[in-house]
Amino acid sequence: MAKAGHAWSRPAAEQAEAEEGEDPLDAMIARSGCLEQHRQLQECMAERRDWRHCQAQVRAFGACMAQRQQQQQ
């Protein structure tokens, strides 16, 4: 099975290119330490297909990324 990445938001041609290599956005998120929150958000989006139903995951991911950004400054 191919890695999901951000495929739900990409046109088909871009999906094929992304599946060949690592998604740069996924790599950046992995380095941030917020990969688990990102995966939970992706799972919710795949299941619900509407970000409005995934607000808890959106907030958790945003908070994690904001905390990491603060730590870098």
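# Exercises on a predicted four-helix chain

Arginine 49 lies in the loop between H3 and H4. The structure is a predicted model, and the exercises below begin with this residue.

## Exercise 1. Backbone and exposure of arginine 49

Task: Determine the sign of phi at arginine 49, and decide whether arginine 49 is buried or exposed.

Solution.
- Step 1. Most residues other than glycine have a negative phi.
- Step 2. Arginine 49 is not a glycine, yet its phi is positive, at about 55°.
- Step 3. The relative accessibility of arginine 49 is 65%. The cut-off for exposed is over 50%, so arginine 49 counts as exposed.

## Exercise 2. Overall composition of the chain

Task: State how many helices and strands the chain has, and what percentage of its residues is buried.

Solution.
- Step 1. The secondary structure consists of 4 helices and 0 strands.
- Step 2. Along the sequence, these give the pattern α-α-α-α.
- Step 3. Of the 73 residues in the chain, 27% are buried.
- Step 4. Considering contacts with a separation of 6 or more, 35% are between residues 24 or more positions apart.

## Exercise 3. The disulfides

Task: Identify which cysteines are paired, and give the pattern of the disulfides along the chain.

Solution.
- Step 1. The structure contains 2 disulfides.
- Step 2. One of them is formed by cysteine 34 and cysteine 64, with the sulfur atoms 2.0 Å apart. This pair links distant parts of the chain, 30 residues apart: cysteine 34 is in the loop between helix H2 (24-32) and H3, while cysteine 64 is in helix H4.
- Step 3. Cysteine 44 is joined to cysteine 54, with an S to S distance of 2.0 Å. Here, too, distant parts of the chain are linked, with cysteine 44 in helix H3 and cysteine 54 in the loop between H3 and H4, 10 residues apart.
- Step 4. With bonded cysteines counted along the chain, the pattern is 1-4, 2-3.

Task: Assign the handedness of the disulfide of cysteine 34 and cysteine 64 and of the disulfide of cysteine 44 and cysteine 54.

Solution.
- Step 1. For cysteine 34 and cysteine 64, the torsion about the S-S bond is about -90°, so this disulfide is left-handed.
- Step 2. For cysteine 44 and cysteine 54, the S-S torsion is about -90°, and the disulfide is therefore left-handed.

Task: Explain why cysteine 34 and cysteine 64 count as buried.

Solution.
- Step 1. Buried requires a relative accessible area under 20%.
- Step 2. Cysteine 34 has a relative accessibility of 0% and therefore counts as buried.
- Step 3. Cysteine 64 has a relative accessible area of 6%, so it is buried.
- Step 4. Cysteine 44 and cysteine 54 are both buried as well.

## Exercise 4. The nonpolar core

Task: List the residues of the largest nonpolar core, and name the helix that supplies the largest share.

Solution.
- Step 1. In soluble globular proteins, nonpolar side chains tend to be buried together.
- Step 2. The largest nonpolar core here comprises 8 residues, namely Ile29, Cys34, Leu41, Cys44, Met45, Cys54, Phe61 and Cys64.
- Step 3. At least two residues of this core come from each of helix H3 (35-48) and helix H4 (55-72).
- Step 4. H3 provides the largest share of the core, 3 residues.
- Step 5. Apart from neighbours within four places in sequence, cysteine 54 is in contact with Leu41, Cys44, Met45 and Arg48.

## Exercise 5. Packing of H2 against H3

Task: Classify the orientation of H2 and H3, and describe which residues meet in their contact.

Solution.
- Step 1. Two packed helices are described by the angle between their axes and the distance between the axes.
- Step 2. H2 and H3 pack at about 135°, and their axes are 7 Å apart.
- Step 3. Angles over 145 degrees count as roughly antiparallel, and 65 to 115 as roughly perpendicular; H2 and H3 are therefore oblique to each other.
- Step 4. Asp26, Ile29 and Ala30 of H2 meet Leu35, His38 and Gln42 of H3. The contact residues comprise 3 nonpolar, 2 polar and 1 charged.
- Step 5. Aspartate 26, in helix H2, has a relative accessibility of 10% and so counts as buried.

Note on methods: Residues are numbered from 1 along each chain as its sequence is written. This is a predicted model: local features need pLDDT of at least 70, side-chain atom pairs count only at pLDDT 80 or more; totals for chains, interfaces and linings use all residues. Side-chain values use heavy atoms; hydrogens and water are left out. A nonpolar core is a set of buried Ala, Val, Leu, Ile, Met, Phe, Trp, Tyr and Cys residues joined through side-chain atoms within 4.5 Å. Buried means under 20% relative accessible area, exposed over 50%, partly exposed in between (1.4 Å probe, protein chains only). Contact means heavy atoms within 4.5 Å. A disulfide is a pair of cysteine sulfur atoms within 2.5 Å. Axes are lines fitted to C-alpha atoms, for helices over the stretch in contact, and angles run from 0 to 180 degrees between N-to-C directions. Angles under 35 degrees count as roughly parallel, over 145 as roughly antiparallel, 65 to 115 as roughly perpendicular and the rest as oblique. Ala, Val, Leu, Ile, Met, Phe, Trp, Tyr, Cys and Pro count as nonpolar, Asp, Glu, Lys and Arg as charged, and the others, Gly among them, as polar.
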